[in-house]
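Thank you all for making time this morning. I would like to walk you through one structure, slowly, and I will put it on the screen before I say anything about it.

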Amino acid sequence: MSKITHSTPLSNNFRMIAEWEGSSKIWILWPERPDNWRDNATPAQYIFAEIANKLSKYRQVIMGVSS
């Protein structure tokens, strides 16, 4: 079971970096929800995979996926 906390990302020192700031990793969430993506997200998944492959030449890519 998940634990509910009353902290915020800002209070935990998390923030969204600016596009000109350097980074060592890129996080991408895998598209899969049929209510948000047409054709069971298959076309989007193809493009996301292409983007991740290209980005991986320059940065570590971490893909968030469901089980």
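Let me begin with a question about a single residue: is Pro34 buried or exposed? Pro34 counts as exposed, since its relative accessibility is 58%, and you will find this proline in the loop between E1 and H1. Before we go further, please keep in mind that what you see is a predicted model, and that every value I quote has been computed from it.

Let me now step back to the whole chain. The protein chain has one helix and two strands, and if you follow the sequence from its start, these elements come in the pattern β-α-β. The strand E1 covers residues 25-29 and the helix H1 covers residues 42-55, while strand E2 is made of residues 60-64.

As for the overall dimensions, the radius of gyration of the protein chain is 15 Å, whereas a compact globule of 67 residues would have a value near 11 Å. Taken along the principal axes, the C-alpha atoms fill a box of roughly 40 × 35 × 20 Å. Of the 67 residues in the protein chain, 10% are buried. The chain exposes about 6,300 Å², and 57% of that area is supplied by carbon and sulfur atoms. If we take the contacts in the protein chain with a separation of 6 or more, we find that 53% of them are accounted for by residues 24 or more positions apart.

I would like to turn next to the charges. The protein chain carries 8 positive and 6 negative charges, and the mean positions of these two groups lie 8 Å apart. How many salt bridges does a search of the whole structure find? That search finds three, and I will take them in turn.

In one of them, Glu21 pairs with Arg15, and their closest N and O atoms are 2.8 Å apart. Glu21 is partly exposed, with a relative accessibility of 28%, while Arg15 is exposed, at 57%. Another salt bridge joins Asp35 to Arg33, where the closest N and O atoms are 2.5 Å apart. Here Asp35 is exposed, with a relative accessible area of 55%, and Arg33 counts as partly exposed at 46%. In the remaining pair, the side chains of Asp39 and Arg38 meet at 3.0 Å, N to O; Asp39 is exposed at 52% relative accessibility, and Arg38 is exposed as well, with 60%.

That brings us back to the loop with which I began. Arg33, like Pro34, is found in the loop between E1 and H1. Measuring distances on the model from here, so to speak, we find that Arg33 and Ala44 are eleven residues apart in sequence and 11 Å apart in space, C-alpha to C-alpha. For Pro34 and Ile17, which are 17 residues apart along the chain, the C-alpha atoms are separated by 30 Å.

Further along this loop there are two residues whose backbone deserves a careful look. Most residues other than glycine have a negative phi. Asn40, however, has a phi near 55 degrees, which is a positive value in a residue other than glycine, and Ala41 also has a positive phi, near 70 degrees. Both Asn40 and Ala41 lie in the loop between E1 and H1. Which of the two words, buried or exposed, fits Ala41? Ala41 is buried, because its relative accessible area is 0%, whereas Asn40 is exposed, with a relative accessible area of 56%.

Finally, let me take you to strand E2, where Gly64 is found. At 23% relative accessibility, Gly64 counts as partly exposed, because the value for a buried residue would have to be under 20%. Which residues does Gly64 touch, if we do not count those up to four places away in sequence? Gly64 touches Ile28, Leu29 and Trp30, and of these Ile28 and Leu29 fall within the range 25-29 of strand E1. The C-alpha atoms of Gly64 and Lys25, which are 39 residues apart along the chain, are separated by 13 Å.

Conventions: Residues numbered from 1 in each chain as written. Predicted model: local features only at pLDDT ≥ 70, side-chain atom pairs only at ≥ 80, totals over all residues. Heavy atoms only, no water. Helix = DSSP H or I, 4+ residues; strand = E, 2+ residues; numbered from the N terminus. Rg over C-alpha atoms; globule rule 2.2 N^0.38 Å. Buried < 20%, exposed > 50% of the residue type's maximum accessible area, 1.4 Å probe, protein only. Contact = heavy atoms within 4.5 Å. Areas by Shrake-Rupley, 256 points an atom, 1.4 Å probe, with all protein chains shown as cover. Lys, Arg positive; Asp, Glu negative; His and termini not counted. Charge placed at Lys NZ, Arg CZ, Asp CG, Glu CD. Salt bridge = Lys/Arg side-chain N within 4 Å of Asp/Glu carboxyl O.
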